[in-house]
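Here are a few exercises on how helices sit together, each with a worked solution. Grab the viewer and let's go.

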Amino acid sequence: MSFCTAKGEIVLVFAGRLFASVTGLFALSLASAALVQPSSLKAYRFGGSKYISITEVAAYYGLGRDVRGVVDRAEYKTSFAQLELQADRRDILLNGVNHWLSAPILVARGRLWIAELDVLKTLDPVLRPERLRSGPQVRTIVLDPGHGGSDRGTRGRSSREKELTLDLAKRVERDLAASGMHVVLTRASDKTVPLENRVGFVRAKGADLFVSLHFNSGGPASGIETYCAPPAGADSTANTGSDDREATPNNRFDEQNVWLAQCVQKTLSRATGAVDRGVRRARFYVLRYANCPAILVEAGFLSSPPEEQRILRTDYRELLAKAIADGILTYKKTMEAP
Ligand SMILES: [Zn+2]
């Protein structure tokens, strides 16, 4: 990858504004830390984008020392955090979940660098979710069983997506209602619901969260992935070159979106043992326009015969439902913690 010469520190204002609130917190742990923790991060311009050195990011978040000791990979692990990344790749491992970044990890000047946007919109919300606490209760959730009616979604050898998403949504609804949440489904039967009506529900019900449920298809792939909207200016994960990178109404929930996606993707991959295909970014209609934190879960591939067989089992769908509900409740707890 090509890059320009680093052009000096440009981030002091940015560092002061966005990170000042935690400087004191980190200062408290300095005494026991083996490494010096900086109180701000410095971004450098490479090509058209701003990047921050991984070494500095690790020091800032108190992630300890890189255990790999090679130029093209880095691995950090402490009792509270984990970060693994590799040069030229957009996927990283962050606290037990794969995440797809807006730009590949850069190797330059003998160091690894991560885009500033990815520090702000992926690393920070996942490493410090307590900063997202908003006060009001997370009470009403809109669950969206994908497809329905004349829109059948994808299909496996002996399954239809629209039926399985409805089944799964009802199980998640039952589990969340049992925990005291107010749950609204965008459809409770096999009917066609236009996408604008699905996000319309979010506004009409004053929802605090939106979770759309789907099953996947595609080649020999298997596993689970969770989507949220990319931040403004970032490509989607499967960039086809035609991406519209402009801000969407949902972008004001960027940090909550990724934390919700992290919670749900983590409980899902742990509970099922399915391949963790990661937290991905796409400007799906329902993610663009939901006016609350929103994710879209692809809970497995109907095109993979072994995975389809698992999904067709009631006990496996129970497992999926419980994991999704647990992830949502973890999110709720973080947001409401005193
Ligand atoms: Zn679908």
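**Exercise 1: one covered helix**

Helix α3 (residues 116-127) is mostly covered, with eleven of its twelve residues buried. This is a predicted model, where local features need pLDDT of at least 70 and side-chain atom pairs count only at pLDDT 80 or more, while totals for chains, interfaces and linings use all residues. Residues are numbered from 1 along each chain as its sequence is written.

Task: which residues of α3 are buried?

Solution. Start with the cut-off: buried means that 20 or more other C-beta atoms, placed from the backbone, lie within 10 Å of the residue's own. Then walk along the helix: E116, L117, D118, V119, K121, T122, L123, D124, P125, V126 and L127 are the buried residues of α3.

**Exercise 2: α3 against α6**

Task: how do the axes of α3 and α6 cross?

Solution. First, the axes come within 9 Å and cross at roughly 60° (lines fitted to C-alpha atoms over the stretch in contact, angles from 0 to 180 degrees between N-to-C directions). Next, α3 and α6 are therefore oblique to each other (neither under 35, over 145, nor 65 to 115 degrees). Finally, the contact pairs K121, T122, P125 and V126 of α3 with D254, E255, V258, W259 and Q262 of α6 (C-beta atoms, placed from the backbone, within 7 Å).

**Exercise 3: α6 against α9**

Task: where do α6 and α9 lie in the chain, and at what angle do their axes cross?

Solution. Find α6 at residues 254-272 and α9 at residues 314-336. Their axes come within 8 Å and cross at roughly 145°. On the α6 side, the contact includes W259, L260 and C263; on the α9 side, L319, L320 and K322 are among the residues.

Conventions: Helices (H or I, at least four residues) and strands (E, at least two) are DSSP runs, numbered from the N terminus. Two residues are in contact if their C-beta atoms, placed from the backbone, lie within 7 Å.
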